[in-house]
Each structure stands twice: as C-alpha cells, then as structure tokens.
Amino acid sequence: MVALPAAYWLLVVRAGAARPRTLVPVVLAGIAVAAALLPAERGLLRGLRFLAIPAEVALVVAALRRFSGARGDLPDRLRAALGDTLPARLAANELAMLGLAFFSWRSRPEPGTLSVHRRSGWTAVCVAALFISLPETAGLHLLIARWSTSAAWVATALAAYGVVWLLGDLRALHLRGVSVSEGLLRIRIGVRREADVPLWSIAAIEEGALPGAERLAVLGAPVLTLRLREPAYVRSLFGRARRASALALQIDDPAAFRRLLGL
C-alpha cells in the first residue's frame, strides 16, 4: 500500500518516465495485493479493498473527460482504443454513454453534420420520460423497501443508470448525424445504427421509405431512401451487422442532404 506506490513515484514518475496520473493503477494494484495477502480475520484491514472503488471511479472519469475533450467522435475514438471485438464494442458503448451523458454538454456536432433527430421530436419524448421516471422511481423504491431494502436500492440504482443511458442516447443523437468524409457517406443515428456508404455506390435517392429498405430513423417514418449499387453493412448498437441494398433515412433537412451528396 505504501512501498509500491512510493517506489513507482520515486523511480518512474520523478524520473520523468511517466505522468503522475499513471500512479492510480499502481495504487489499485497495491490495494489488490494487500487485500489478497491479509488473512480473513483481519476484517477491518481487508476492508482496504473498498478504497479501490473511488480510485476506479476517478480513473474512469479522468479517462472519459480526456476522450470527451478531444476532437472527433467519442464512440469512434473509444472503439479505436479498445478494439472492434464484441466485448470491446460493448465496453466502448458503455463508456461512450457515460461520457456523452456527463461530459458532452458543451460539445457541438462536427462541421457539415446533418441532424437526424429534430423531425422525430425525440428530445421532447426524452424530457417527458425523465420527468415521469423521477416520481416513478421514488414510488417503486418505497414499495420494494417494504420487503427488501437491498432490492429497493438495487432497483433505484438500475433506474438511475437507465436515466444516464437515456441522456447519453439523447446527446449521441444531437452530436452524431449524417456527414461526408473521404468519399464516404457516414450515417450515424446516435449510437443506435451506423453505416458507411461509398459515394460512388449511391445509385439514386427516392422520396419516402420504399418497401424492403433498411430503416435508419429515430422515431417515425423515414423521408427518403438511398438505392445502392452494392449492399452496405448497417451496424446496430451491439455490433450486429446487416447487409442492405436500400437505406431509408430520416433526415431533418432533405434538401441539404441532396446538396451534401451533389444530387
């Protein structure tokens, strides 16, 4: 608990080989080793392992603030850092939701990004759901507490995390939309659905949602459909990919979308 972090500080951090914030994982490792070595009857001393909780929270918050403050798309940066396997994608999505919910309120969409959420009225739906959830959560907590206090707090914690997800989803829809970059049409319906379509693959744009087209919408009916020369992969929140030859999009400004594609 003392010698390991102190040695790391003196030999590594003070020598300039690492930054001070890298001391946090060393402290966590010291706590883990100390908790494992202490005998079971030393209950108070073994309680040191609980010191890892605030340290881990601080580490996650610091990482999210760093990622959120950098330029570029937060979910994409996290996936690039963690990898593209299913477990890594799930972890990146969870971290992205936390970062978007807590640290993205001053962020703005990348220049040239077209919004996809205003036509659906999802912001109003989200605000209404948040207002409804507050008294509902309190009432449910009091009801469950009559049988089990622990279960009541678990239900309240899950409800609170649901609120965080709702806010993260809302911020993702505000920040992630449709843009063109390096010859690709990048379609981002928040973090719910994603597709990258080469511009040369777009055969035509038709009004409305055509039968059989893959729907990329927040809430309500899409306003136009892209017919593709070659199928594109549409990825869901959890990484599942589907091939589609037509994409039905919900764009807030269809005229600006046509101008963006030069059609």
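**Close-up views of a predicted model**

**View 1. A nonpolar patch on the surface, built by Trp9, Leu10 and Leu11.** These residues make a nonpolar surface patch of about 330 Å². Patch members have over 30% relative accessible area and no salt bridge, with like charges joined within 9 Å and nonpolar side chains (Val, Leu, Ile, Met, Phe, Trp, Tyr) within 5 Å; a salt bridge is a side-chain nitrogen of Lys or Arg within 4 Å of a carboxyl oxygen of Asp or Glu. Areas come from the Shrake-Rupley method with a 1.4 Å probe, and for residues only the protein chains shown count as cover. Leu11 sits in helix H1 (residues 3-13) and is exposed, at 65% relative accessible area. Here, exposed means over 50%, buried under 20%, and partly exposed in between (1.4 Å probe, protein chains only).

This is a predicted model: local features need pLDDT of at least 70, side-chain atom pairs count only at pLDDT 80 or more, and totals for chains, interfaces and linings use all residues. Residues are numbered from 1 along each chain as its sequence is written, and side-chain values use heavy atoms, leaving out hydrogens and water.

**View 2. Inside the largest nonpolar core.** A nonpolar core is a set of buried Ala, Val, Leu, Ile, Met, Phe, Trp, Tyr and Cys residues joined through side-chain atoms within 4.5 Å. This one has 30 residues, and Leu185, Ile187, Leu226, Leu247, Leu249 and Phe257 touch the most other members. Elements that each supply at least two residues include helix H8 (149-175), strand S2 (184-189) and strand S6 (224-236). S6 gives the most, with 5 residues. Helices (H or I, at least four residues) and strands (E, at least two) are DSSP runs, numbered from the N terminus.

**View 3. Leu185 and its partners.** Setting aside neighbours within four places in sequence, the contacts of Leu185 include Val178, Ala195, Ile202, Leu226 and Phe257. Contact means heavy atoms within 4.5 Å. There's also a second, separate core of 10 residues, with Leu74, Leu78, Val191 and Leu237 among them.

**View 4. Ser104, tucked into a loop.** Ser104 is in the loop between helix H6 (86-103) and H7, and counts as buried because its relative accessibility is 3%. A polar atom of its side chain lies 2.4 Å from the backbone oxygen of Leu100. Beyond neighbours within four places in sequence, Ser104 is in contact with Gly99, Arg171 and Leu175.

Methods:
Polar contact = N/O pair within 3.5 Å; in protein donor to acceptor, adjacent residues only side chain to side chain.
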